[in-house]
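These notebook entries record what I looked up in a predicted model. I worked from the packing of rings to the buried interior, and then to single residues.

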Amino acid sequence: MEEKVTQQQINGVLWQAADTFRGKIDSSTYKDYILTMLFIKYLSDSYKEHLEEYTKRYDGDEQRIQRALSRERFVLDEHSTFDYLYSKRNDSEIGEIINKALERLENENTGKLRGVFRNIDFNSESILGKAKERNAILRSLLEDFNKLTLKPSVVGGEDVIGDAYQYMIERFASDAGKKGGEFYTPGMASELLARLVKPQENDRIYDPTCGSGSLLIRVANQVSNNKVAIYGQERNGATQSLALMNMYLHGIDDAKIEWGDTLSNPLHLEEGKLMKFQAIVANPPFSLDKWAIGFAGEGTNDKKFKMEAGLDPHRRFEWGVAPSSKGDYAFVQHMLYSLAENGRMATILPHGVLFRGANEKKIRQQIIEMNLLDAVIGLPEGLFFGTGIPACIMVFKKNRKRKDVLFIDASMEGNYEKGKNQNKLREQDLEKIVNIYEKREKAEKYSSVATLDEIKENDYNLNIPRYVDTFEEEEVVDMNVVKENIVKIKKELQEVDAQMEQYLKELGL
């Protein structure tokens, strides 16, 4: 019996594999190659173990063995296994051999893997360099992965592989800085969103800017039997592929993750209309510039193009069109229009959405007057990759009976853990936020509940300090004590000067 492989061992080998690329290629790009190879290695090792089991069970009867293998989650032939690729690691055409293996894998599993590898090219000269350098990188990558055994009996379950995949995505996001924020939301921030929307069994869960899918997985994990339907859309093709692989490695085979621009081309439709979801979560790109360019017709001059509500066939922007340089409320409106009756929605946004004027104020006012806004939660600065600015969470609900909005300021010291490069929310911080949210309690210097009339009196400005007083009174300064200290310091200075003069005299200076 083979010895169990620990999560730590797997993570270590994976991060070592990253060294092959580091310094040559940006981590936001080379992550695609490492995570794809992890996926292939796991499928291959699982397949190999099942082949061994069936060969033993059916005493080498090839027909029965193949019939059993055809019922597996994924079907592989000899030329799409990791072992085959490893045997060809010194071939001068190794990049093309890997590409063909991925193509074969897609063709054998069209129901699940159609198009998953279309944006990943192991023979790319522009990314991996000329033949000699490219072949050296790929040979090293295969040799690193050959050190890993990912058979289910050795790994001990899908969770370990899924967690390894998640670990690598997080490490790559940290390494990639600003670009990292495009495909990953930090784990505890994702957990907070998941707990706020409280998904129920049989819910449809949706993320319109799903990145690598980690946030959707967090939400699904809130339901003990994972009996939910998962939907996502991602504009970056390579990242959409990572999301699908992420789902499969977490045992989720039926997630519907589409590739395309959610705003100009939403792909989750029913009878031509936007599909409705019971739980929606998102961490859209902050203040996305040129968010509406997908609505411009061919040949339209980008600079002259002006987005109008009538250009959207789904009529999502009738409350107001977000500024061309700030797409935050375009995403919010899309999500609200996709929210089912009695649905819950939580999204991470920059603080500017709470108080900026013009069309954003018009949209904000409409949302408040329709009683869709349930809570505003201020988060600490430095939580997210690629930006140090503090963000907030806006929570929305359909068919609310209450006529108020809960404000929470979780940004103050003591409500998070300070890190060297990035701050973190701890479990105790999440529990505090969720507890206050569920009870809608007022807590000194932390939370407050404002009526819609109060918000109207504030001209629909949702800036948190208007509602949660976090002002700390400065300690009263006793001027008499200050005066005494100044006299004392002056006297000490005179004594030091006299002592210095004495030393100089003794030195004859």
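**Aromatic pairs.** I searched the whole structure of this predicted model for aromatic pairs and obtained 13. I then examined two of them in detail.

For Phe-39 and Phe-117, I read a distance of 6.3 Å between the ring centres and an angle of 50° between the planes, so I entered the pair as tilted. I located Phe-39 in helix α2 and Phe-117 in the loop between α6 (110–113) and α7 (125–128); the pair therefore ties together parts that are 78 residues apart in sequence. I checked accessibility for each partner. Phe-39 has 0% relative accessibility and counts as buried, and Phe-117 is likewise buried, with a relative accessible area of 4%.

For Phe-407 and Tyr-467, the ring centres lie 4.1 Å apart with the planes at 10°, so I entered this pair as stacked. Phe-407 belongs to strand β10 (residues 404–409), while Tyr-467 sits in the loop between α17 (452–457) and α18 (479–506); the pair thus ties together parts that are 60 residues apart in sequence. I noted that both Phe-407 and Tyr-467 are buried.

I also asked which residues form one aromatic cluster with Phe-39. They are Phe-74, Phe-117 and Tyr-248.

**Charges over rings.** I looked next for charged ends placed over aromatic rings. The charged end of Arg-89 sits over the ring of Tyr-86, at 4.0 Å from its centre. I found a second case in Lys-432, whose charged end sits over the ring of Tyr-446, 4.0 Å from its centre.

**Nonpolar cores.** I turned to the interior with a general expectation in mind: in soluble globular proteins, nonpolar side chains tend to be buried together. The largest nonpolar core here has 107 residues, and Phe-145 and Ile-393 are those with the most contacts inside it. I asked which element gives this core its largest share. It is helix α2 (residues 27–57), with 12 residues.

I listed the contacts of Phe-145, leaving out residues up to four places away in sequence. Phe-145 touches Leu-14, Ala-17, Ile-34, Met-37, Leu-38, Lys-41 and Phe-82. Apart from the largest core lies another, of 48 residues, which includes Tyr-231, Phe-295, Trp-319 and Tyr-460.

**Helix α14.** I asked why helix α14 (residues 328–337) should be described as largely enclosed by the rest of the structure. The reason is that 9 of its 10 residues are buried. I recorded the buried residues of α14 as Asp-328, Tyr-329, Ala-330, Phe-331, Val-332, Gln-333, His-334, Met-335 and Leu-336. I then looked at what covers them. The cover includes the strands β1 (204–207), β5 (273–274), β6 (277–282), β7 (339–350) and β9 (391–397), together with helix α15 (358–369).

**Cysteines.** I searched for disulfides, and the count came to 0. I checked the accessibility of two cysteines. Cys-210 is buried, with a relative accessible area of 5%. Cys-392 has 0% relative accessibility and counts as buried.

**Annotated segment.** In an unreviewed entry, UniProt lists residues 479–506 as "coiled-coil region". I compared this record with the model. Over residues 479–506 the chain is 100% helix and 0% strand, with the end C-alpha atoms 41 Å apart.

**Positive phi.** I looked for residues with a positive phi that are not glycine, since most residues other than glycine have a negative phi. Asn-342 has a positive phi of about 65°. Asn-342 lies in strand β7 and, at 52% relative accessibility, counts as exposed. Arg-440 has a positive phi of about 50°. Arg-440 is found in the loop between α16 (427–439) and β11 (447–451). Is Arg-440 buried or exposed? At 12% relative accessibility, Arg-440 counts as buried.

**Pro-152.** My last entry concerns a proline in a helix. Pro-152 is found in helix α9 (residues 152–155). At 25% relative accessibility, Pro-152 counts as partly exposed. I also took the distance from Pro-152 to Glu-427: their C-alpha atoms are separated by 31 Å, and the two residues are 275 residues apart along the chain.

Methods:
Residues numbered from 1 in each chain as written. Predicted model: local features only at pLDDT ≥ 70, side-chain atom pairs only at ≥ 80, totals over all residues. Heavy atoms only, no water. Core = buried A, V, L, I, M, F, W, Y, C linked by side-chain atoms within 4.5 Å. Buried < 20%, exposed > 50% of the residue type's maximum accessible area, 1.4 Å probe, protein only. Helix = DSSP H or I, 4+ residues; strand = E, 2+ residues; numbered from the N terminus. Contact = heavy atoms within 4.5 Å. Disulfide = S-S within 2.5 Å. UniProt positions renumbered as here; feature names shortened; annotations may be inferred. Phe/Tyr/Trp six-rings, centres within 6.5 Å; stacked < 30°, edge-to-face > 60°. Lys NZ or Arg CZ within 6 Å of the ring centre and 35° of its normal.
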